[in-house]
Amino acid sequence: MISRRRLVSAFAALGLILAPVAALADDGRWVGAWASSQMVAENEHALPDSAMDDVTLRQVVRLTASGDRIRVRVSNAFGDAPLRIARAAVSRPTTRDGAIIDPAMVRRLTFAAGPTSWSGRAEFVSDPVDFEVEALSHLAITLHVADAPSRLTAHPGARATSRMASGDQTGAAALTDETTFTRWYLLSGVDVLGPPEAGAIVVLGDSITDGYGVQPDTDARWPDFSPSGCRLIPARPTSAC
């Protein structure tokens, strides 16, 4: 049996994790609760030029650590031009695929206390925000992207539904006239502030580790299973075979 509260972190990655697994803070330890490796969005994963200008991008990730403060990592690691995020927020999705979020649970994210224009070849970490999360729960991250480079940093094998719509719809419960796809763009990690003894498990592997063949929004990658081979059940602090 695996306790949700004591489960620290296990996340799939294709290649090298860019974010640190754990880092000390004044009141605890920042632990990687979700992360993905970054690469250039090419071929069928690339978007048309200017497709990511003045759009709202909403993406859902599954966290594997509990805490009451979080921070989000945004990556322009492969960008060939500046990336500008005009507004950002985290929230709780009320549907697994992130089609609807709880507008009462939207919390604004800032970067160095305000909107930021970021150069290419870099990753940026948000200011910490008070937001309680549970291990194995889902988090919706919404970015109003004002300008983005044509060379986008991404993780194509998300196995999760992401959403994009025109304009600033950061606080909307559901995006209007949205486009959906199963990739993560510009998003590289989420850290949770845990106790000083908190740690994390990093899984490195190929496309099978990344969930190749898994249906979107099912959390059925093999790292989503417990060490005993039983799948973790997010709704209960137990596992089942």
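This is a guided tour of one protein model, with a suggestion at each stop for what to select and what to look for there.

**Stop 1: the whole chain**

Start with everything shown. This is a predicted model, and the protein averages a pLDDT of 84, with 81% of the residues scoring at least 70. Now select residues 1-19, where the pLDDT is below 50. Beyond near neighbours in sequence, this stretch has 78 contacts in the model. Do the same with residues 228-241: here too pLDDT stays under 50, and the model has 35 contacts beyond four places in sequence. Where pLDDT is low, the predicted coordinates should not be read in detail. Feel free to hide both stretches for the rest of the tour.

Switch to a cartoon view. How many helices and strands does the protein have? There are zero helices and 20 strands. Of the 241 residues, 51% count as buried. The protein exposes about 10,500 Å², and carbon and sulfur atoms supply 53% of that area. Look also at how the chain meets itself: among contacts between residues at least 6 apart in sequence, 79% join residues at least 24 apart.

**Stop 2: the nonpolar core**

Select Met52, Val61, Val90, Leu139, Ile141, Val145 and Tyr185, the residues with the most contacts inside the largest nonpolar core, which has 41 residues. Several strands give two or more residues to this core, among them strand 3 (28-35), strand 5 (55-62), strand 7 (83-91) and strand 12 (138-147). In soluble globular proteins, nonpolar side chains tend to be buried together.

Zoom in on leucine 139. Leaving out residues up to four places away in sequence, leucine 139 touches ten others if you follow the list Gln59, Val60, Val61, Leu63, Ile70, Val90, Ser91, Pro93, Phe131 and Val190.

**Stop 3: strand 11, a strand with two faces**

Next, select strand 11 (129-133), which also gives residues to the core. Which residues are on its covered face, and which on its uncovered one? Val129, Phe131 and Val133 make up the covered face, while Asp130 and Glu132 make up the uncovered one.

Add strand 6 (residues 67-76) to your selection. Strands 6 and 11 run antiparallel and are joined by three bridges. To find one spot where they pair, pick glycine 67, whose bridge partner in strand 11 is valine 133.

**Stop 4: serine 75 and threonine 153**

Follow strand 6 along to serine 75. Is serine 75 buried or exposed? Serine 75 counts as buried because its relative accessibility is 0%. Not counting residues up to four places away in sequence, it touches residues including Gln38, Leu83, Ala122 and Thr153. Try the distance tool between the C-alpha atoms of serine 75 and alanine 154: they are 79 residues apart in sequence and 8.3 Å apart in space.

Now select threonine 153, which lies in strand 13. Threonine 153 is buried as well, with a relative accessible area of 0%. Its contacts beyond four places in sequence include Met39, Ser75, Ala77 and Tyr185.

Show alanine 77 next. Its backbone nitrogen lies 3.2 Å from a polar atom of the side chain of serine 75. That backbone nitrogen also lies 3.3 Å from a polar atom of the side chain of threonine 153.

**Stop 5: a three-stranded sheet**

Stay with strand 13 and bring in its partners. Three strands form an open sheet in the order 4-13-16, with antiparallel pairing. Which are the edge strands? They are strand 4 (39-40) and strand 16, each pairing on one side only. Two bridges join strand 13 (residues 153-155) to strand 16. Select histidine 155 and you will find it opposite tryptophan 184 in strand 16.

**Stop 6: three loop residues**

Move on to leucine 186, in the loop between strand 16 and strand 17. Leucine 186 counts as buried, at 0% relative accessibility, and has a positive phi of about 70° although it is not a glycine. Most residues other than glycine have a negative phi.

Arginine 159 also has a positive phi, near 55°. Look for it in the loop between strand 13 and strand 14. Arginine 159 is buried, with a relative accessible area of 17%.

Finish at glutamine 169, in the loop between strand 14 (162-166) and strand 15 (179-181). Why does glutamine 169 count as buried? Its relative accessible area is 15%, and buried means under 20%. Show its contacts too: Thr56, Arg58, Ala174, Leu175 and Thr176, not counting residues up to four places away in sequence.

Conventions: Residues numbered from 1 in each chain as written. Predicted model: local features only at pLDDT ≥ 70, side-chain atom pairs only at ≥ 80, totals over all residues. Heavy atoms only, no water. pLDDT = per-residue confidence, 0-100. Contact = heavy atoms within 4.5 Å. Helix = DSSP H or I, 4+ residues; strand = E, 2+ residues; numbered from the N terminus. Buried < 20%, exposed > 50% of the residue type's maximum accessible area, 1.4 Å probe, protein only. Polar contact = N/O pair within 3.5 Å; in protein donor to acceptor, adjacent residues only side chain to side chain. Core = buried A, V, L, I, M, F, W, Y, C linked by side-chain atoms within 4.5 Å. Areas by Shrake-Rupley, 256 points an atom, 1.4 Å probe, with all protein chains shown as cover. Pairing = 2+ DSSP bridges.
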